[in-house]
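Subject: Structure for your review

Dear colleague,

Please find the structure below, together with its sequence. My notes on what was found in it follow.

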Amino acid sequence: DRKKYTVSTLWDIAYRYNRMKYNEAYSIDLGQPCSIVMTQLRTYPAIKKYWENFAYYVCGGKQPLVYIKDYKYNEYIGDGLNGADLAKKEWAIVNVWEFVEDEKGKMVWVKKGNFISMWMADVYKKKYTYIDFLPKGTELREDKTARIRIKDANIKNSYEGLEVDHLFNNEDLVEELELMKTKYEKENGDKWFGIRRILSLIWFLSGSDKASYDFIIEFIALTIEYPAVQAKVFIVFKSIPGVGKNILWDGIGRSIIGTDHYVSSASENVFFDKHTTEMCNKILGMMNEISYSMMCKHMNHTKSLITEPEISVNPKNEKIRTFRNNINIVGACNSDTPLPVESGDRRISVIECSPTGQHIPGFFKDTIDDMDSDINKMMFRQYLQEVINVNPQKNFQFERPKGELHKRIANQGIPLAIKFFKDLLWRFTNNSCNSSNKDNIEDLIEPLDTLEGGRIFKQFQKFTERSKEGGGIENKK
């Protein structure tokens with residue numbers, strides 16, 4: 001049973017989830033299309049475009065005119081509007097004008113009629129039966145429903161592209177980009193010279209490791225080229241403060257992807273609170289300042305975020321809802337042990353960053369300027385397409401980098417008792433390979449056979465003390 005909402009309520013819902021884009025609405029509290037703005041637009045095409053930005057579900061005749069769905073949750077929340085409802089509102093006084101030539105050859109504005117009446121009679125107005133968030137790459141997802149909907153003309157796709165994609169609609173910028181690439185090729189032998197600092201920052205954050213660099217740049221390419229495809233790996237960057245972690249990911253998230261589809265926060269509530277809706281319709285997330293204690297609490301939730309095709313949320317005072325999950329997530333930490341990593345877990349990759357950028361004068365400021373440049377945003381986008389050309393079906397879990405830091409943290413997750421017996425076995429094997437005398441080997445193994453005299457407990461105590469000091473099996477090659 002669908003609840004009936006007033007037209008004001010429905011417009012308010014539409015506005016609340018589009019307020020960044022449709023800031024023409026004159027009041028956040030009222031949350032309705034502004035009749036003054038509509039009047040100023042004057043022509044029917046302009047008013048219609050503005051009006052339909054709020055009205056996603058439109059039918060003609062005596063059928064419900066507008067279905068508004070809270071497309072953060074992918075669920076109908078109301079219907080029941082008709083022409084009489086619209087005729088009673090202030091929008092009914094908005095008239096459409098046309099700039100035409102009069103009898104004397106002079107261009108004048110002529111009133112053509114009432115907008116609402118013309119719009120209701122318009123056979124070309126938008127008609128949808130459902131709304132969904134279906135970015136590029138949806139056709140590659142495992143969930144069949146998404147693959148079907150991407151081809152359905154009755155589905156309103158609320159995904160309108162990345163921030164950088166809109167720049168390519170500007171012919172002047174496209175021409176300037178090609179000129180700059182030609183110039184760089186001639187002067188420096190590299191047409192991608194303009195983004196060299198951005199690529200250098202990625203290299204530093206990879207710890208100057210080729211395998212880690214390749215993985216990160218392909219992770220970025222997958223997120224931008226195929227926003228609907230999840231890498232299913234949580235990359236954690238560990239470093240001392242001030243090496244540029246946020247510069248890179250905020251630059252990619254805000255400047256290239258766009259704030260509508262990027263979330264960054266140091267608050268665990270943004271990502272893990274049971275009432276949060278911040279993950280809805282997001283492509284990239286950045287967890288700042290993660291800690292071991294925080295991740296111990298939320299490790300299972302994090303794994304769900306990066307792997308599950310759909311995730312349920314429970315907004316306050318509302319029923320639980322489900323939305324399609326497209327997000328890839330990275331994390332940043334300055335502590336020695338950012339999070340627990342189970343041995344063999346394929347969904348985590350911990351990378352230790354290099355502080356090299358701190359030693360290059362002006363490097364971070366220049367990199368920020370590069371990422372704010374429209375030309376460099378477009379160049380980086382083309383670089384990912386032409387040079388990286390990531391395979392969207394690549395198994396990122398299998399190819400995740402496992403450096404020394406990752407191995408050390410994973411080893412810390414092994415229970416101490418297991419480490420002790422691994423150490424005992426190593427010592428036995430080592431003594432055997434060194435042709436130690438039989439008595440020494442028997443002394444080593446005897447506690448395992450007899451468990452008498454407390455000898456095994458004493459050896460375990462020694463191992464525990466050695467582990468606290470950084471010794472034990474983890475220091476053996």
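Which strands does α11 lie across, and at about what angle does α11 run to β11? The model is a predicted one, and in it helix α11 lies across β9, β10, β11 and β14. Its direction is at about 155 degrees to that of β11.

The sheet

These four strands belong to an open sheet of five strands, in the order β10-β11-β14-β9-β15, with parallel pairing. The edges are formed by β10 and β15, each of which pairs on one side only. On average, neighbouring strands of this sheet are turned by 15 degrees against each other, direction ignored. As a general point, strands of a sheet pair through backbone hydrogen bonds, either parallel or antiparallel.

Following the order from the β10 edge, β10 (residues 262–265) pairs with β11 over four bridges in the parallel sense. Within this pairing, Val 263 has Gly 285 of β11 as its bridge partner. Strand β11 (residues 284–287) is in turn joined to β14 by four bridges, again parallel. Here Gly 285 stands opposite Ile 329 of β14, and Met 286 stands opposite Val 330. Four bridges also join β9 (residues 234–238) to β14 in parallel, with Lys 238 partnered by Cys 333 of β14. Finally, β9 and β15 run parallel and are joined by five bridges; Ile 235 has Ser 349 as its partner in β15.

Burial in two of the strands

Strand β14 (residues 328–333) is mostly covered, with six of its six residues buried. Asn 328, Val 330 and Ala 332 point one way from the strand, while Ile 329, Gly 331 and Cys 333 point the other way. In β11, Leu 284 and Met 286 point to one side and Gly 285 and Met 287 to the other, and all are buried.

Helix α9

Helix α9 (residues 196–205) has Ile 198, Leu 199, Leu 201, Ile 202, Phe 204 and Leu 205 buried. The buried residues of α9 pack against helices α10 (210–225), α11 (245–257), α14 (363–372) and α15, and against strands β9 and β15 (348–352). Just after α9, Gly 207 takes a positive phi of about 75 degrees.

The pair α8 and α15

Helix α15 (residues 374–388) also packs with helix α8 (residues 171–188), at an angle of about 70 degrees and with the axes 10 Å apart. This angle makes α8 roughly perpendicular to α15. On the α8 side the contact is made by Leu 173, Val 174, Glu 176, Leu 177, Glu 178, Met 180, Lys 181 and Tyr 184. On the α15 side it is made by Asp 374, Ile 375, Met 378, Met 379, Gln 382 and Glu 386. By class, the contact of α8 with α15 comprises eight nonpolar, one polar and five charged residues.

Cysteines

The count of disulfides comes to zero, where a pair of cysteine sulfur atoms must lie within 2.5 Å. Two of the cysteines may be of interest for their burial. Cys 280 has a relative accessible area of 1% and Cys 353 one of 9%; both count as buried because the value is under 20%.

With kind regards

Key: Residues are numbered from 1 along each chain as its sequence is written. This is a predicted model: local features need pLDDT of at least 70, side-chain atom pairs count only at pLDDT 80 or more; totals for chains, interfaces and linings use all residues. Side-chain values use heavy atoms; hydrogens and water are left out. Axes are lines fitted to C-alpha atoms, for helices over the stretch in contact, and angles run from 0 to 180 degrees between N-to-C directions. Angles under 35 degrees count as roughly parallel, over 145 as roughly antiparallel, 65 to 115 as roughly perpendicular and the rest as oblique. Contact means heavy atoms within 4.5 Å. Ala, Val, Leu, Ile, Met, Phe, Trp, Tyr, Cys and Pro count as nonpolar, Asp, Glu, Lys and Arg as charged, and the others, Gly among them, as polar. Buried means under 20% relative accessible area, exposed over 50%, partly exposed in between (1.4 Å probe, protein chains only). Two strands pair if DSSP finds at least two bridges between them.
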